[in-house]
Amino acid sequence: MSFRYQGKVPIPPPNAERYTTVCQFCNTACGYDVYVWPADEEGGLQPGEHGIVYNLKDQVYNRVLTPQTTDFTKLGPLTAYQGIPWISEAMVVRTVRRGWSRGRGTGEWREVYVAQIPSPECPINMGNHSIRGGTNGERNWSPWTVAGARRLKRPMVRFGGRLEPVSWDYAIDLVARVVKGVIDKWGVDNPKWGKEGHAVFASRMDHGGGGGGGMIENTAAGLFFFYGVRTAFARIHNRPFFGPEGPAIVDAGPGAMNNSLLDLRLADVIIYWGANPYTTGTVMFTQHALDNLRGRTADEKKNWFAGEPVVDTYMIIVDPRKTETVQVAETVAPDRVLHLAPEPGTDIVLANAIARVIYERYKDTVDKILAVYRQAAQSGFKWDENAWQLYLEEALEINTKTLDQYLAEAESITGVPRSDIEKAAEIIGAPKQGGAPKRVWLMYEKGVIWNQNYRSIYAVVDLCIMAGAVRGIPGTGCQRQGGHQEGYAGPAPPPPPWTTERHHVSPWNFAKEKGIQLNTYDDYKNLMESWYNEVYTEGYYKTRWPIGDRYMPTIDFRLEDGEGKVLWVHDMDTYKLGPAAQRLKAAVSDRSWRVTRYVFAEAFAAIGGKDSEPQYDVNVTEIPVITGPSSEEYAAKVLEALEKTGGIFVVVQDIYPTFMMEDAHVVFPAAFNNGEVPDVRMSVHERRFRIADAWLDPPGEAKPDWWIYATVAKRIVELYEAEGRGNDPVAQRFRAAFQPIWDAMDKNANDPSVEVENEIFKTYIANADETYAKLGVDWEVQFWTPAFKNLDLNILRKFRTVGVILPLTEVNVNPDGTVEARGVVNVMEPALNPQYREEVVVVRPDGTIERSIEMAPSEKAKSVAASTLRAWPALWLGYPPYVEDVRGRYKYWVINGRYNEIWQSGYADPNSEVVIKRWPYAFVQINPADAQAEGLENGDIVVVYNDNGSVPAVVWISDAVKQGHIFLIMAHPYAVAANAVTTPSVEPVAQSPDYKLTKADLLKVGTLPSEVKALLTFKDINI
Ligand code: SF4
């Protein structure tokens, strides 16, 4: 049961079990402590009477928490920071669990309470939480809550039009037979690997949080698809290919995650570019950015910048909409916030214009910053002088246009007044008193990622280089915000069958491919001209096919073209989160139902009829499960259908029902990574790496994702062996990849103290170098260093919500039980300076955690530091062809994005009565002048439509959006929302969708009934 509206929550008693985890939602990755205890017990308010105990000495933020601190008789506003957290009704749930041993339930079910409380020990949130994270607790499943009722609990298979429960054996056998049959029949012969299963398409999450797992889950998925099946045809949740979301910042040198929240606290200038962190990375913004903007981090600055003045912090926010981030920041510091609102798609021009002004007007600042890069180049750092010169001449046009001409053009393209461009340049470029350049920190996200990705991100990174945001000193940084946490690990995906390489077509890869030497400035110019010509002018702008597809297939286009025989969708809902989602749904649905019609019209039409008793087995679970036709017969018919109909077999693996289940043939119910299966993942903002532990049995028959992959893999091998083909290369691959996991499962069956997840961690993550060397395949474990070899899940458990920061330079486990981890705070620092900040976390045998920062010689971290800094001219080429086509035909730019309470696709939001009451419908914001012209009022219902599709939404009139723009929520629990109309355009290099470059019209179709309208508010968010 939930504790909503009860006015009282139980407190864990002193003997409550304690686990640590990471919020299931956003990129910030706040730490949470979890307590589980029998439902007939309760703790008291004073220290010693309850189980909430902290033990922390954090020298970095000057915080000490002791077991005596947590005195709930002293509970007050914001006391979580001092170790007395407010435990809200949404943080506790009453549920059931079996006797618990090493992460697995056995024996009798008992009623327990679970409290999931924001952790005061965690250096990210320090006890704070957002409106999303505050509901983590009530999203643990319970037989008495909506969260429990909605969970997928049993494997299901489609019989005729219906999905019916079956046993795991049935579902596993069916899928194994179809996957094996597809590889055997449509596999591509590779002399090294044998048959490769490129007809199996995978659609999967790649990261941590948000129901998407972490390194353990990703490892299992990677072993299955990329090693066992060997398919190059995979996609990742919001993008139609499998690859990095922001390759430009990797090519430029710093990488997408390079600094820390400490740097955000120390910055003189904070820039959010195409990011809306108040609603999408809330605690990072409220706890760290706003503290800095308010001046609350001045003492920390004095500590770190001896001899440099502490100046008032400025914030620049680039977003076409006056977001909640802008509104909150302006409330805090009205005179020190600059909001730049460019027309969609013109960020390249705006970033270049600001950089041009800095270059012209603040030469001393620029010279001091460039001197840092040039100095480092004397000792091996690769500062690319030719690329820098090319950027100045070709992107900033320093020799061909006057500043006046340049800014006049920029103003006309971006719609941002010249004076604001100059103001931004001054905030960034004007030195501090005494001449020191300001410490500039920039974070970008979907505003540039989903808008001509490669060039937009490069333009922003070029600006970072100019502004010194990547010069590796405290208070600087230039990176992405992230949508989720990170936790990628696994074997590298294979290249598509027509090539031997897999990469994006960066200028640098292009130069290699074409044999262009890069020795002189003219070589660089030649590269620039050929790259722009082949990729854009003669490429995407003519063919509308991304050139990157040659090396990383664009799956959605191919599914629509009839490619693929199996589509396995893991933890995502492409019908909500894919570009032009209605088109994709139409194509996949048609192909899926061709298989269903063939299988059932021809052979199994009688299922469920009056003679159907033999088709059901009531012994497997408490409800009858279908057993006939046999999985073997079903699979044989599917393979026939795939041959004859052009159809596709769809497998969905998830925790809640998704829109994609409408077309699924098989549904695998998965365990949730919020407490039902342990995994490891990290925050995007400072690579803080922690265990997200398990404390609850999954509901019904739900199983961990690794179990599902390992069990299907095992069945595939058995099928080969049954045919006398146990040495087939495909069987050998699955065996080699999964044998350590099967062994661990066997050991666990005999001895529950063997934790399978820990064995997976040790084999494929901690010792990834050795394991994948044996498998003979490239691999990735994010920020892996040899220090990982000293980690396992039990050691990570000791670091609780403090965790360790990656990349690690050392992990030491001492005989007295003390554990110590050291990691790099800012990866630009050891690259450009003789010393760097190293975070040291020590866990004492009594459980006390000590966190500090020490300076270490850069030599120690050279192998994990950035090694290159390379600008590249990002040129404005006008709008991509799909966008240009509709630009004149539709009135409104569709600004789209997330909204605070609604997470991701909204998959978990129907569990929360509060969220559903607040946002019962998808909404569209429209400017008052446009609303008047359209004859619209708050609460009217419109259809937003264009060539790609249409979606109904409720009107919310607000001047947060400019005239000619509307803001449509990206996804809603009950609607596809923005992706019904987003463009199919993808950027040709990185292949990321141009979601932000969509235009549409509106049509009023009605209005909400007055009694419903009365339940909603259409007030503007003026905070
Ligand atoms: S800010 Fe993000 S990580 Fe932190 S509690 Fe909120 S949703 Fe969770």
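**Note on cysteines, cores and the ligand shell**

1. With a relative accessibility of 8%, Cys23 counts as buried, because the limit for that class is under 20% relative accessible area. This value, like the others in this note, comes from a predicted model. Cys23 also belongs to the group of residues that surround the ligand.

2. The shell around the ligand includes, besides Cys23, the residues Phe25, Cys26, Thr28, Ala29, Cys30 and Tyr32, and further along the sequence Ser130, Arg132, Gly133, Thr282 and Val283. Sorted by class, this shell holds seven nonpolar, four polar and one charged residues.

3. Cys30, one of the residues around the ligand, has a sulfur that is the closest cysteine sulfur to that of Cys122, but the two are 6.5 Å apart, which is too far for a bond. Cys122 is itself buried, with a relative accessible area of 0%.

4. How many disulfides does a search of the whole structure find? The search finds one, and it is formed by Cys464 and Cys478, whose sulfur atoms lie 2.2 Å apart. Cys464 sits in helix 16 (residues 453–467) and Cys478 in strand 18 (residues 477–480), so the pair ties together parts that are 14 residues apart in sequence. As a reminder, a disulfide is a covalent bond between the sulfur atoms of two cysteines.

5. The torsion about the S-S bond of Cys464 and Cys478 is about 80 degrees, and the disulfide is therefore right-handed. Both partners are buried, Cys464 at 1% relative accessibility and Cys478 with a relative accessible area of 0%.

6. Thr282 and Val283, which are among the residues surrounding the ligand, are also among the buried residues of helix 7. Of the 13 residues in this helix (residues 282–294), 11 are buried, so helix 7 is largely enclosed by the rest of the structure. The buried set also includes polar or charged side chains such as Gln287, Asp291 and Asn292. Gly295 follows helix 7 and has a positive phi, near 90 degrees.

7. The largest nonpolar core has 167 residues, and those with the most contacts inside it are Phe224, Tyr272, Trp568, Phe668, Phe689 and Phe738. A second core of 115 residues is separate from it and includes Tyr359, Val366, Tyr454 and Ile457. In soluble globular proteins, nonpolar side chains tend to be buried together.

8. Phe689 can serve as an example from the largest core. When its neighbours within four places in sequence are left aside, Phe689 is in contact with residues including Met215, Val680, Met682, Phe761, Phe788, Leu791, Leu796, Val804 and Leu806, and with Arg681 and Gly803.

How values were computed:
Residues are numbered from 1 along each chain as its sequence is written. This is a predicted model: local features need pLDDT of at least 70, side-chain atom pairs count only at pLDDT 80 or more; totals for chains, interfaces and linings use all residues. Side-chain values use heavy atoms; hydrogens and water are left out. A disulfide is a pair of cysteine sulfur atoms within 2.5 Å. Helices (H or I, at least four residues) and strands (E, at least two) are DSSP runs, numbered from the N terminus. Buried means under 20% relative accessible area, exposed over 50%, partly exposed in between (1.4 Å probe, protein chains only). A nonpolar core is a set of buried Ala, Val, Leu, Ile, Met, Phe, Trp, Tyr and Cys residues joined through side-chain atoms within 4.5 Å. Contact means heavy atoms within 4.5 Å. A residue is near a molecule or strand if one of its heavy atoms lies within 4 Å of it.
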